[in-house]
Amino acid sequence: MKKILIFSLLIILSLAIAGYFSLSNQFVQNFLLKSLFESRMQALFAESESVNSDELEIFFCGSGSPLSMMPEGAQCMAFVIGSDIYVIDNGENSFAKISNNYPPQNIKAVFITHAHSDHIGDLDELNLRRWVSGAETPLKVYGSSEIINVTEGINLAYQNDENYRVDHHGVEFVPPENRPMIPIVHKPTNSPQLIFEDENLKVESFLVDHHPVKEALGFRLFFGNKKIIISGDTEITDNVFSLVNGADILIHDGMIKDHVKLLEKVAKENNVYRAEVAFHDILDYHADVIDIKRNLENKDLGLLIINHLVPAKNPIGIRYMEDLFSNVSYDFLLARDNDKIIVYKNSDEIIIN
Ligand SMILES: [Zn+2]
Ligand SMILES: [Zn+2]
């Protein structure tokens, strides 16, 4: 028995060594590369064979904290219905998470809550890669007057790149008219107003309280009769909580203010002036998670997702959140990058992956 075991181990070891050295063989390299490329191309460029428009997948392409040193994406959510993708915010480090999971040319529209960098930092690459991947229309970007500078600035910054690619590949392969983004601007109001509607989704916007940002937006999405509220960045505001009753999902930004105050104190004690000022100043434009919980008492809500947690996620903050929301009447999730939430048009079930 012992001899058989040793013999088997030797065979496995020999195969592993042979496999390792065969990776230097050009024939083996070409075979493996071809398989790798084929599976990746099929995933990214083939039309979806089983489009199911009765299912909405909410993909967290960015769940991070602003100006974070963590590898998380900043704010980004992709709403995927069949082969159509709708993106809300696209902060730094988030686009690659979209393109690793979905074909960027299928991005149908982008909605921007406001123009802080953690909500727009990857929009330039999103637009370029969508165009180069074969999008057949220019990207429409929806938002308040905040997005005019953003879209015009990025459109100009990438003009040289467009010229190079058009000269190189030709106008049929990369039609120049599809490259610049088109801003679709509206004047936001306290009550929800319809800003977008197609066969999949209805999107309403409303003002939130993110002073000194004057026109920061929250969104309410309708997928069939399912309602999803997105706070954007805001202090506690009635514009959000007056909509929560009967909603299926609330995605709210969150701050653990006790922890931010502690960070401010530590910065002061250690004479890190810039950190002290920053931690002090951000206290008044995000919602304390304790206040979020209080405002949800007696509300009929399916699932609360806290996204954009400040301070950045750490084991103590995660434990704090788990304890705080351990005894609530709705389901709770602290969002992490690559989380996928499935909502069904014809069922109240919500799946969290
Ligand atoms: Zn912000
Ligand atoms: Zn933010």
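1. Which protein donors surround the zinc ion (ligand 1)? In this predicted model, the protein donors of that ion are H114 through NE2, H116 through ND1, H210 through NE2 and D233 through OD, and they lie 2.2 to 2.3 Å from the metal. Along the chain these donors of the zinc ion (ligand 1) follow the spacing H-x1-H-x93-H-x22-D.

2. The geometry of this site deserves a remark, because the four donor atoms around the zinc ion (ligand 1) subtend angles of 93 to 164°, which makes the arrangement irregular. For reference, the ideal angle for four tetrahedral donors at a metal is 109.5 degrees.

3. The zinc ion (ligand 2) has as its protein donors D118 (OD), H119 (NE2), D233 (OD) and H308 (NE2), at 2.1 to 2.2 Å from the ion. Here the spacing along the chain reads D-H-x113-D-x74-H, and the arrangement around the zinc ion (ligand 2) is again to be called irregular, because its four donor atoms subtend angles of 87 to 169°. Of these donors, H119 belongs to helix α4 and H308 to strand β12 (residues 303–310), so that this pair ties together parts that are 189 residues apart in sequence.

4. What bridges the two zinc ions, and how far apart do they lie? The bridging residue is D233, which coordinates both the zinc ion (ligand 1) and the zinc ion (ligand 2), and the ions are 3.4 Å apart. The pair H116 and D233 links distant parts of the chain, since H116 sits in the loop between β4 (107–111) and α4 (117–120) while D233 sits in the loop between β10 (226–230) and α8 (238–241), 117 residues away.

5. Two peptide bonds that precede proline call for inspection of the backbone. The bond from H211 to P212 is cis, with omega near 10°, and P212 is placed in the loop between β8 (202–207) and β9 (217–223). A cis peptide bond also joins V310 and P311, with omega about -5°, and P311 is found in the loop between β12 and α12 (315–324). As background, most peptide bonds are trans.

6. A further backbone point concerns N298, which has a positive phi of about 65° although it is not a glycine; this residue is located in the loop between α11 (289–295) and β12. In general, most residues other than glycine have a negative phi.

7. Turning to helix packing, the axes of α9 (residues 257–269) and α10 (residues 273–281) come within 8 Å and cross at roughly 160°, and the two helices are therefore roughly antiparallel to each other. The crossing of α9 past α10 is left-handed, with the contact made by V260, L263, E264, A267 and K268 on the α9 side and by A275, E276, F279 and H280 on the α10 side. Sorted by class, the contact of α9 with α10 comprises five nonpolar, one polar and three charged residues.

8. How do the axes of α5 (residues 123–132) and α7 (residues 159–169) cross? They come within 12 Å and cross at roughly 15°, an angle that makes α5 roughly parallel to α7. In this case α5 passes α7 in a right-handed crossing, and L128, W131 and V132 in α5 meet D161, E162, R165 and V166 in α7. The contact of α5 with α7 is made up, by class, of four nonpolar, no polar and three charged residues.

Key:
Residues are numbered from 1 along each chain as its sequence is written. Chains are lettered from A and ligands numbered from 1 in the order in which they are written. This is a predicted model: local features need pLDDT of at least 70, side-chain atom pairs count only at pLDDT 80 or more; totals for chains, interfaces and linings use all residues. Side-chain values use heavy atoms; hydrogens and water are left out. Axes are lines fitted to C-alpha atoms, for helices over the stretch in contact, and angles run from 0 to 180 degrees between N-to-C directions. Helices (H or I, at least four residues) and strands (E, at least two) are DSSP runs, numbered from the N terminus. Angles under 35 degrees count as roughly parallel, over 145 as roughly antiparallel, 65 to 115 as roughly perpendicular and the rest as oblique. A crossing is left-handed if the near helix is turned anticlockwise from the far one by less than a right angle, and right-handed if clockwise. Contact means heavy atoms within 4.5 Å. Ala, Val, Leu, Ile, Met, Phe, Trp, Tyr, Cys and Pro count as nonpolar, Asp, Glu, Lys and Arg as charged, and the others, Gly among them, as polar. Donors are N, O and S atoms within 2.8 Å of the metal (3.2 Å for Na, K and Ca); water is not among the atoms, so sites may look incomplete. Four donors count as tetrahedral if all angles lie between 85 and 135 degrees; four count as square planar and six as octahedral if opposite donors are over 155 degrees apart and all others between 65 and 115; anything else is irregular.
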